[in-house]
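Colleague: I am new to this structure and should be grateful for a close look at a single part of it.

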Amino acid sequence: DAAARLNRIVVAALLDAGVPAVSLPPSSWLTLDDGEAVEADLAPLRAALDHGLLPVVYGDVVVDRRRGWAIASTETVFSALVSFLPEPPAELLWLGETQGILDQEGRTVDLVTPRSIGRARTLIGATAGTDVTGGMLLRLDTSYQLAERGVPSRIIDGRARAALERVLLGETVAGTRVTNQVFE
């Protein structure tokens, strides 16, 4: 319920900003088997895109063939989309409660690449609240795995005023970019 309520808040804010957003709960298109994404009916997502709508997905409870149900974290949902879409997205945006990966002094790590993934993993401490999905470490690991498949990510603070709007408009927003590119 908390995930669906948060999704409704995000969709309402997007609609208020004039973005034609539509919620696509993963339970309507994703099936797991022992926690792994095995089937995705992307017809609702394709129809939304074909009609000029912005699908907004999120982590939630979905049907699992072995367990009956399971948590499909946002990481699982994004991984499934990259796996099952005929063309992967150009970039993934992760909105959370921090400006991305933080170093020991609480400063944002701007960029994670193949050269810095090991160090970035050591910076992540315990999750501040209850998190049944793996927290920021799972987000970093998933973002990096997807970057290795050619889909970079940005992790930004979803609580920051107008952060999502600014990112969608191509403006610079504080956060962590995760890419497979090695910059000199």
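Which residues of the largest nonpolar core touch the most other members?

Modeller: Please note that this is a predicted model. The largest nonpolar core holds 32 residues, and those touching the most other members are Trp29, Leu30, Val77, Phe78 and Leu81. Several elements give two or more residues to this core: the strands are E2, E6 (68-72) and E7 (92-96), and the helices are H3 (74-84), H4 (117-123) and H5 (135-148). Helix H3 supplies the largest share, 5 residues.

Tryptophan 29 deserves a closer description. Leaving aside residues up to four places away in sequence, tryptophan 29 touches Val77 and Leu81, and also Leu24, Glu39, Ala40, Asp41, Leu42 and Val57. Another core lies apart from the largest one; this other core has 5 residues, including Val11, Leu14, Ala21 and Val56.

Strand E2 (30-33) also leads to a point of backbone geometry, for the loop between E2 and strand E3 (36-40) contains aspartate 34. Aspartate 34 is not a glycine, yet its phi is positive, at about 55 degrees. Such a value is worth noting because most residues other than glycine have a negative phi. Aspartate 34 counts as partly exposed because its relative accessibility is 38%.

Alanine 162 also has a positive phi, near 65 degrees, and is a residue other than glycine. Alanine 162 is located in the loop between strand E9 (153-157) and helix H6 (163-168). With a relative accessibility of 33%, alanine 162 counts as partly exposed.

Notes. Residues numbered from 1 in each chain as written. Predicted model: local features only at pLDDT ≥ 70, side-chain atom pairs only at ≥ 80, totals over all residues. Heavy atoms only, no water. Helix = DSSP H or I, 4+ residues; strand = E, 2+ residues; numbered from the N terminus. Buried < 20%, exposed > 50% of the residue type's maximum accessible area, 1.4 Å probe, protein only. Core = buried A, V, L, I, M, F, W, Y, C linked by side-chain atoms within 4.5 Å. Contact = heavy atoms within 4.5 Å.
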